[in-house]
Amino acid sequence: MGSLTGRVVVVTGASRGIGRGVALALGAEGATVYVTGRTVTPGTHPLPGTVGETAAEVDRRGGTGVAVRVDHADDEQVAALFARVAREQGRLDVLVNNAFALPENLTEPRPFWEKPLSDWAMVDVGVRSNYVAAWHAARLMAPRRSGLVVAISGYVGVTYTYGVVFGTCKSAVDRMARDMAVELAPHGVASVSLWQGLTLTERARRNLARDAAMTSRTVTDPANACTPEFPGRVIAALATDPAVMARSGGTFITAELAREYGVTDVDGAVVPSLRAERGAPVWHPIVEARHGG
C-alpha cells in the first residue's frame with residue numbers, strides 16, 4: 001500500500017502540465033484522485049493530454065483515477081464536482097488548486113497595454129477558481145477536522161515574471177492560502193501555497209523549443225527545472241506529515257520543502273531553490289506569524 005491509500009484527492013486542471021504530474025505522483029501513493037479539466041477528447045487542444053488519459057495513468061500507477069470534465073470558470077460545474085466527491089467518497093483529504101487560464105501570449109515580452117484585456121481571465125481561472133474550489137473543499141474537510149488545501153504558485157509572487165496579471169494572480173493566491181489558514185486552523189485543516197520554478201510541462205517544452213534564448217534566462221533555464229511530478233511528490237509528503245498544521249498559512253519554495261522531506265525528482269535529481277536569485281516568500285506559517293506577518 002502507498003502512503004496515501006484510502007485518501008481522496010481533487011487536483012484541478014490536470015489534463016496536462018503540473019496538474020497531471022501532481023495527480024500521477026499522488027496516485028502512485030495509492031490515492032483516489034479526482035482529475036479535473038476541460039479536455040476530454042484527444043486532439044481538441046493544441047497540447048496533448050485529457051482528463052481521461054491522466055485518470056487512466058493514475059490507475060496504472062496504483063491509485064484510482066476519476067476523470068471529471070470541469071470548467072473552473074463555471075461555479076455550477078465546480079459545485080457538481082464536489083457534490084460528486086461527497087456522494088461517492090464521503091470525504092475529501094486533499095485539494096490541489098492548480099487550474100489556471102494561461103494565455104498563449106504569456107511569455108511574449110510586451111507591456112500589459114499591448115496585450116489583450118482577455119488576459120484578465122487568469123484572475124477568473126487562477127484566483128477566483130481557487131477560492132470557489134477551496135470553499136467547497138472546506139465544507140467537506142472542516143466537519144472531519146482534517147484536510148489539506150494546496151495552492152500552486154511561484155516565485156512570480158514577488159518577482160516580475162512574464163506580465164502584470166500573472167504576477168497579480170500568484171501574489172493573490174499566496175495571500176489567499178495564508179488567510180484561509182487562519183480561518184481553517186480551528187477546524188484542523190491546513191492551507192499552504194507552493195512556489196514552483198520552471199516545470200517542464202508540455203507547454204514549457206514547446207516554448208523552449210520555439211525560443212532558444214529562453215534557456216539563457218534564470219526564469220526559464222532548464223538546468224533549474226523540475227518535472228511535473230516533483231511538486232506532487234512534495235504534496236504527498238505534506239499530506240502524510242502529522243505536523244502539517246505547523247506549516248499552515250505558509251508559502252513554501254517546493255525545492256526547499258523537498259530537501260526537508262528527503263524528496264527528489266523522478267530521476268533522483270535534487271531541484272535547486274532559487275531563493276537567492278528570484279526572491280523569498282512573504283507569508284510564514286500562522287503559528288510563526290507576528291504582527292500579521
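What is the handedness of the crossing of α3 and α4? In this predicted model, the crossing of these two helices is right-handed. The sections below place that helix pair within the overall fold, beginning with the chain as a whole.

The chain contains 9 helices and 7 strands. Its radius of gyration is 18 Å, close to the 19 Å given by the globule rule for 293 residues, so the chain is as compact as a globular protein of that length. Taken along the principal axes, the box filled by the C-alpha atoms is roughly 50 × 50 × 40 Å.

The 7 strands form an open sheet in the order β3-β2-β1-β4-β5-β6-β7, and their pairing is parallel. The edges are occupied by β3 (64-69) and β7 (251-253); each has a single partner strand, so one side of each is left without a neighbour in the sheet. From one strand to the next, the twist averages 20 degrees. Within the sheet, strand β1 (residues 8-11) runs parallel to strand β4 (residues 94-97), and the two are joined by 3 bridges. Valine 9 has valine 94 of β4 as its bridge partner.

Helices are also packed against the sheet. Helix α2 (residues 51-61) lies across β2 (32-37) and β3, and its direction is at about 170 degrees to that of β3. Helix α8 (residues 254-261) touches β6 (189-196) and β7 as it packs on the sheet, and its direction makes about 75 degrees with that of β7. Both edge strands, β3 and β7, are thus accounted for in the description of helix packing: β3 is one of the strands crossed by α2, and β7 is one of those touched by α8.

Turning to the helix pairs, the axes of helix α3 (residues 75-89) and helix α4 (residues 121-141) come within 10 Å and cross at roughly 25 degrees. Because angles under 35 degrees count as roughly parallel, α3 and α4 are roughly parallel to each other. On the α3 side, the contact involves Asp75, Val78, Ala79, Phe82, Val85 and Ala86, which meet Arg128, Val132, Ala133, His136, Ala137 and Leu140 of α4. By class, the residues of this contact divide into 9 nonpolar, 1 polar and 2 charged.

A second pair is formed by helix α1 (residues 17-27) and helix α7 (residues 230-239), which pack at an angle of about 45 degrees with their axes 7 Å apart. The two helices are therefore oblique to each other, and their crossing is right-handed. Ile18, Val22, Ala25 and Leu26 of α1 make the contact with Pro231, Gly232, Arg233, Ile235 and Ala236 of α7. This contact has 7 nonpolar, 1 polar and 1 charged residues.

Helix α7 also packs with α8, the axes coming within 10 Å and crossing at roughly 50 degrees. That angle makes α7 oblique to α8. The crossing of α7 and α8 is left-handed, whereas that of α1 and α7 is right-handed. Phe230, Pro231, Val234, Ala237 and Leu238 of α7 are in contact with Thr254, Ala255, Leu257, Ala258 and Tyr261 of α8. The contact of α7 with α8 comprises 9 nonpolar residues, 1 polar residue and no charged residues. Pro231 of α7 appears in the contact with α1 and also in the contact with α8.

Backbone geometry was examined in the loops. Most residues other than glycine have a negative phi. Arginine 145, in the loop between α4 and β5 (147-154), has a positive phi near 55 degrees. Tyrosine 162, in the loop between β5 and α5 (164-184), likewise has a positive phi, near 75 degrees. Leaving aside residues up to four places away in sequence, arginine 145 touches Pro186, His187 and Gly188. Arginine 145 is separated from alanine 212 by 67 residues in sequence and by 49 Å in space, C-alpha to C-alpha.

Key
Residues numbered from 1 in each chain as written. Predicted model: local features only at pLDDT ≥ 70, side-chain atom pairs only at ≥ 80, totals over all residues. Heavy atoms only, no water. Axes fitted to C-alpha atoms, helices over the stretch in contact; angles between N-to-C directions. Helix = DSSP H or I, 4+ residues; strand = E, 2+ residues; numbered from the N terminus. Parallel < 35°, antiparallel > 145°, perpendicular 65-115°, else oblique. Left-handed = near helix turned anticlockwise from the far one by under 90°. Contact = heavy atoms within 4.5 Å. Nonpolar A, V, L, I, M, F, W, Y, C, P; charged D, E, K, R; others polar. Pairing = 2+ DSSP bridges. Rg over C-alpha atoms; globule rule 2.2 N^0.38 Å.
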